[in-house]
Amino acid sequence: MLVEKDTAGRPVLTPEVAAVLEVVPDYLLVTSRDGRLLFASPDARALTFAEFEQLNATARPPTRAVGRRTSRVAFGSTPTDQPCTTSCAPCRTRGISSAPSSRAPTRAPSELRLQQLLLTIVIAFFVGVVPAILVGGWIAGRALEPVDRMITEVREITDGRSLHRRLAVPMERDELGRLAETLNQMMTRLERSFAALRRFTADASHELKTPLTVVRAGVERAITRPDMPPETLAALEETLQEVNRMTELLESLLTLARADEGRADLHRESVDLRDIIAEAGETGELLAEHAGVGIDIRLPPEPLVFPVDRSRIRQLALNLIENAVKYTPRGGQVSVELGTNDGRAVFTVADTGIGIAPGDLPHVFDRFLACDSARTRTSERAGTGLGLAICKWIAEAHGGTIEVQSRPGRGPRLR
């Protein structure tokens, strides 16, 4: 039995059938053949009166008689324009015949599942993925922070004078701790090697100075003899030039070795830089005249008094002027200028030589630099390769800097 009468005598569905239909999540209407409502689902009962009447009128099927049995099937739409299916089947229970029913889904199940899936993905992304990325980045940063500190400290060890520094060894005996210990051991070995090399350079330079001095004295004494044959005199003069060159090389090596060990002290005093540059310029004029090169020296009219080591600044200026004259072809020009910029003295030397190749510019101040052969051929003899290295040390020891600007076809400009 599907239909019964209530206390007022109206036909209604039995409680068992109504309980089964109560869980249907769609718009469900069950009516009698004469159009009386037997049951409405919870979604249908939630509609307004106008929407309910529209649903009932749209879903009411036409009647088609087939013998004594009646069946109805109709299609309509809900108030929300969703497809509506209406079906009817005859039933006779206590004088009540035919119980048509209409059903309209609130939403297509596939659309509902897709929206639920998208909503789940969005919630999972913001609740799970974003915090995981943030926490993972924080953990990775904390884990790699000791490695970054090691890289920074190792980069700061730029030359042999910084090898006394050591990396901080973590308390944990893990891979990073072993790496720090290995790097410290490597720097200890490098420091010992550099120290041995400096001691050898300083000792060798010092020990070779005495025999070279004796050789030079003997050659100079022999050259002064009036009865010396011309061919012997020429050989002695060439020997004297090489002895002087070796003496210059040893002096440069000894200077750099002492600078590396921190034993090259500066004797600072307040002096007028114009006097030092003028003195070095006089020597440069003699060298330029002998080489057939013009030289122009420009000094400021006002005094430039700075606390410097007079002999070292003179050595710097003379090295730069001599280097410019040496590598300027005959007929060229060398310019020497002294000025100030923001309270700092600026000494500039420029020449009209063939310039320095771009590949050699980063290594100009390296020791024993061998520039390209084209530049070397413009000089009567190659230098020791230590002059600019000494100039760099002198400038930095006084708290200054030295730089070079050049390109092929134009002479370099050092300041």
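The legends below describe close-up views of a predicted model.

Residues are numbered from 1 along each chain as its sequence is written, and side-chain values use heavy atoms, with hydrogens and water left out. As the model is predicted, local features need pLDDT of at least 70 and side-chain atom pairs count only at pLDDT 80 or more, whereas totals for chains, interfaces and linings use all residues.

**View 1. The protein chain as a whole.** The secondary structure comes to ten helices and 18 strands, where helices (H or I, at least four residues) and strands (E, at least two) are DSSP runs numbered from the N terminus. Of the 415 residues in the protein chain, 33% are buried; buried means under 20% relative accessible area, exposed over 50%, and partly exposed in between, with a 1.4 Å probe and protein chains only. Among contacts between residues at least 6 apart in sequence, 60% join residues at least 24 apart, a contact being heavy atoms within 4.5 Å.

**View 2. The packing of helix α7 with helix α8.** The axes of α7 (residues 273-291) and α8 (residues 310-326) come within 9 Å and cross at roughly 30°; axes are lines fitted to C-alpha atoms, for helices over the stretch in contact, and angles run from 0 to 180 degrees between N-to-C directions. The two helices, α7 and α8, are therefore roughly parallel to each other, on a scale where angles under 35 degrees count as roughly parallel, over 145 as roughly antiparallel, 65 to 115 as roughly perpendicular and the rest as oblique. The crossing of α7 with α8 is right-handed, that is, the near helix is turned clockwise from the far one by less than a right angle, while an anticlockwise turn makes a crossing left-handed. Residues making the contact include L273, I276, I277, A280 and G284 of α7 together with I313, A317, L318 and I321 of α8. By class, the residues of this contact divide into twelve nonpolar, three polar and five charged; Ala, Val, Leu, Ile, Met, Phe, Trp, Tyr, Cys and Pro count as nonpolar, Asp, Glu, Lys and Arg as charged, and the others, Gly among them, as polar.

**View 3. The packing of helix α8 with helix α10.** The axes of α8 and α10 come within 9 Å and cross at roughly 140°, and the two helices are therefore oblique to each other. Their crossing is left-handed. On the α8 side R312, I313, Q315, L316, N319 and L320 take part, and these meet G387, L388, I390, C391, W393, I394 and A395 in α10. The residues of this contact divide into nine nonpolar, three polar and one charged. Also in helix α8 is N323, which counts as buried because its relative accessibility is 18%. N323 and G387 are 64 residues apart in sequence and 8.1 Å apart in space, C-alpha to C-alpha.

**View 4. The nonpolar cores around F347 and V3.** The largest nonpolar core, a set of buried Ala, Val, Leu, Ile, Met, Phe, Trp, Tyr and Cys residues joined through side-chain atoms within 4.5 Å, has 40 residues, and those with the most contacts inside it are L320 and F347. Two or more residues are given to this core by each of α6 (230-261), α7, α8, β15 (333-341), β16 (344-351) and α10 (387-397). Leaving out residues up to four places away in sequence, F347 touches I277, L316, A317, L320, I321, V336, E337, L338, L414 and R415. Apart from the largest core lies another, of eight residues, among them V3, L21, V30 and L38.

**View 5. The loop residue D342.** D342 is found in the loop between β15 and β16, and its phi is near 55°, a positive value in a residue other than glycine. Most residues other than glycine have a negative phi. With 73% relative accessibility, D342 counts as exposed.

**View 6. Helices α5 and α6, with L240.** Helix α5 (residues 175-223) and α6 pack at an angle of about 155°, with their axes 8 Å apart, which makes α5 roughly antiparallel to α6. The crossing of α5 and α6 is left-handed, and the residues of the contact divide into 16 nonpolar, five polar and nine charged. L240, placed in helix α6, counts as buried at 16% relative accessibility. Beyond its neighbours within four places in sequence, L240 is in contact with R216, V219, E220 and I223. The C-alpha atoms of L240 and R216 are separated by 6.3 Å, although the residues are 24 apart along the chain.
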